[in-house]
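User: I would like to go through a surface patch and two sheets of this model. Please keep the answers short.

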Amino acid sequence: MGLLENIQGPVSQYMAQLSTPSQVGVIVAVVIFFAVLLNVLQQILFKNPNEPPVVFHWFPLIGSTITYGMDPPRFFKENRAKFGDIFTFILLGKKTTVYLGTAGNDFILNGKHKDVCAEDIYGVLTTPVFGKDVVYDCPNSKLMEQKKFMKVALTTTAFQSYVPIIADEVSSYFKRCPDFKGKSGVVNIPKNMAEITIFTASHSLQGSEIRSKFDESLAALYHDLDMGFTPVNFMLHWAPLPWNKRRDHAQRTIAQVYMDTIKERRAAGKSDSQDMMWHLMNATYKNNVPVPDHEIAHMLIALLMAGQHSSSSTSSWMMLRLASRPDIMEALYREQVEALGADLPPLTFEDLAKLPLNQAIVKETLRLHAPIHSIMRAVKSPMPVPGTKYVIPTNHTLLSAAGVTATDPTYFPEPDLWEPTRWNKESPLAPSLSRNEGEEEEKTDYGYGLVSKGGHSPYLPFGAGRHRCIGEQFANVQLQTINAMIVRMFKFRNVDGSDKVIATDYASLFSRPIEPANIYWEKRDW
């Protein structure tokens, strides 16, 4: 007691001399000091040998949130070098276990639904954007049915009809866009690619009737929806923040357009088998309940949004990469002339298969610029990690980063080099994508048709498992068609003539180019 009294006396005298704000400041500083001290001691003295190692951090709650958020791929690779493929870090107060490599991708993305759950992670983000009663705002069994409804419209016959629509949208866009008046100029290309991808997707997937109801403001509305996916909304999705107000306005506006169109179609009795809206209007759940109109509207929003952020980002990176490699852009033009004819006839679905370099542009861009750098799952039951002593407890979140294996030299020689020709099997940079060449991928049916589990592949731009993107084939058709049409119309290069590519913006959940991302364009004579 004597020691405490000796300390307490001078401290009390010192505090009495301070103003009230200063006293509060001192108390806060002391609390922070002891919180940091206890946090550090806990990491040093109380390590759990049955759980993955924890990335060292000074501050509780904050943990590694800032360093992770600034550059997730670099964060993963640096900690992989320290701890190996599996480690834990603190993300906004939550223990988040990262499991890298092909084994980690398979462990997380192909985890059983009783063990891992996407709904508990993403529902707070997706429900305000998509709307109620769809995707993660409903039981998983219902989500699988909804995915099946939409998948039936994504057929080869449908794709054959989509390519001319997409091609026409691209050429029409550049003819009317004021950013491309004249013979040459400089443009911030991500803005234009966001508009092109939403116009092409809405017209091809939802028909000319829906497309005609929107102008360039459609892209702006979908941009406002996309901003609802900002990371802070994991905690503040409910808050009356400016971007949340814009998100909610956009969701109501777009949903109402769809609802009005559904009513008009029901009244007119119009039918079109290639139209996603009509597929959903005539769909029935397993319990014989027709899909309600508000769910149709919300699924249509989800359908476009699920692909918009990734296609918009990927197409922007494609254009920026072509601007850094004009030689590749010229090779793409020559490929079309040689394969399709010097007159470059209207593009068809069958033509895309004749353009392997055009296909490789999409593959290579997705490899280096994975739209989603982190895929998370809530842990529902303790999960032993095969081959280790670790057991992942239910108070952890699991995180898969498939983009790390896509830039692993084990599978991709010179992994940081953007080189589309590597997808030619004879290339010295050709990837090794499977453990055994010729090995057939395991497939399973999660309730919406057979899909490849794919978790063991180092190249997973569309995910794997029950939540693998059902729009994978459409995205490839869309991106290949957009790229082929732009190559016909333009030559690109960097404004300064260099081969450099702008850095990545990780401020949202998706990996976009930092803007402005300007390129120099010049029109071809065609």
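User: Which element gives the most residues to the nonpolar patch on the surface?

Analyst: In this predicted model, Val24, Val28, Ile32, Phe56, Trp58, Phe59, Leu61, Ile62, Ile66 and Met70 form a nonpolar surface patch with about 1,000 Å² of accessible area together. Two or more residues come from each of helix H2 (20-45) and helix H3 (65-70). The element that gives the most, with 3 residues, is H2.

User: Is Phe56 buried, partly exposed or exposed?

Analyst: Phe56 is a member of the nonpolar patch and sits in the loop between H2 and H3. Buried would require under 20% relative accessible area and exposed over 50%. The relative accessibility of Phe56 is 41%, so Phe56 counts as partly exposed.

User: Which strands stand at the edges of the sheet with the order S4-S14-S11, and why?

Analyst: This open sheet has 3 strands in antiparallel pairing. A strand with a single partner has one side left without a neighbour in the sheet, so the edges are strand S4 (184-188) and strand S11 (490-493).

User: What is the bridge partner of Gly185 in S14?

Analyst: S4 pairs with strand S14 (residues 518-523) in the antiparallel sense, over 5 bridges. Within that pairing, Gly185 is bridged to Trp521.

User: What angle does the direction of helix H14 make with that of S11?

Analyst: Two helices pack on this sheet. Helix H9 (residues 189-211) touches S4 and S14, and its direction makes about 80° with that of S4. Helix H14 (residues 293-324) touches S11 and S14, and its direction makes an angle with that of S11 of about 75°.

User: Which are the edge strands of the sheet with the order S1-S2-S8-S5-S3?

Analyst: This sheet is open, with 5 strands and mixed pairing. The strands that pair on one side only are strand S1 (86-91) and strand S3 (116-117).

User: Which residue in S8 is the bridge partner of Thr96?

Analyst: Strand S2 (residues 94-99) pairs with strand S8 (residues 396-400) in the parallel sense over 4 bridges. For Thr96, the bridge partner in S8 is Thr397.

User: At what angle to S5 does helix H6 run?

Analyst: Helix H4 (residues 72-83) packs on this sheet, touching S1, S2 and S8, with its direction at about 130° to that of S1. Helix H6 (residues 119-130) lies across S3, strand S5 (375-379) and S8. The angle between H6 and S5 is about 120°.

Note on methods. Residues numbered from 1 in each chain as written. Predicted model: local features only at pLDDT ≥ 70, side-chain atom pairs only at ≥ 80, totals over all residues. Heavy atoms only, no water. Patch = residues over 30% accessible without salt bridge, like charges linked within 9 Å, V, L, I, M, F, W, Y side chains within 5 Å. Areas by Shrake-Rupley, 256 points an atom, 1.4 Å probe, with all protein chains shown as cover. Salt bridge = Lys/Arg side-chain N within 4 Å of Asp/Glu carboxyl O. Buried < 20%, exposed > 50% of the residue type's maximum accessible area, 1.4 Å probe, protein only. Pairing = 2+ DSSP bridges. Contact = heavy atoms within 4.5 Å. Axes fitted to C-alpha atoms, helices over the stretch in contact; angles between N-to-C directions.
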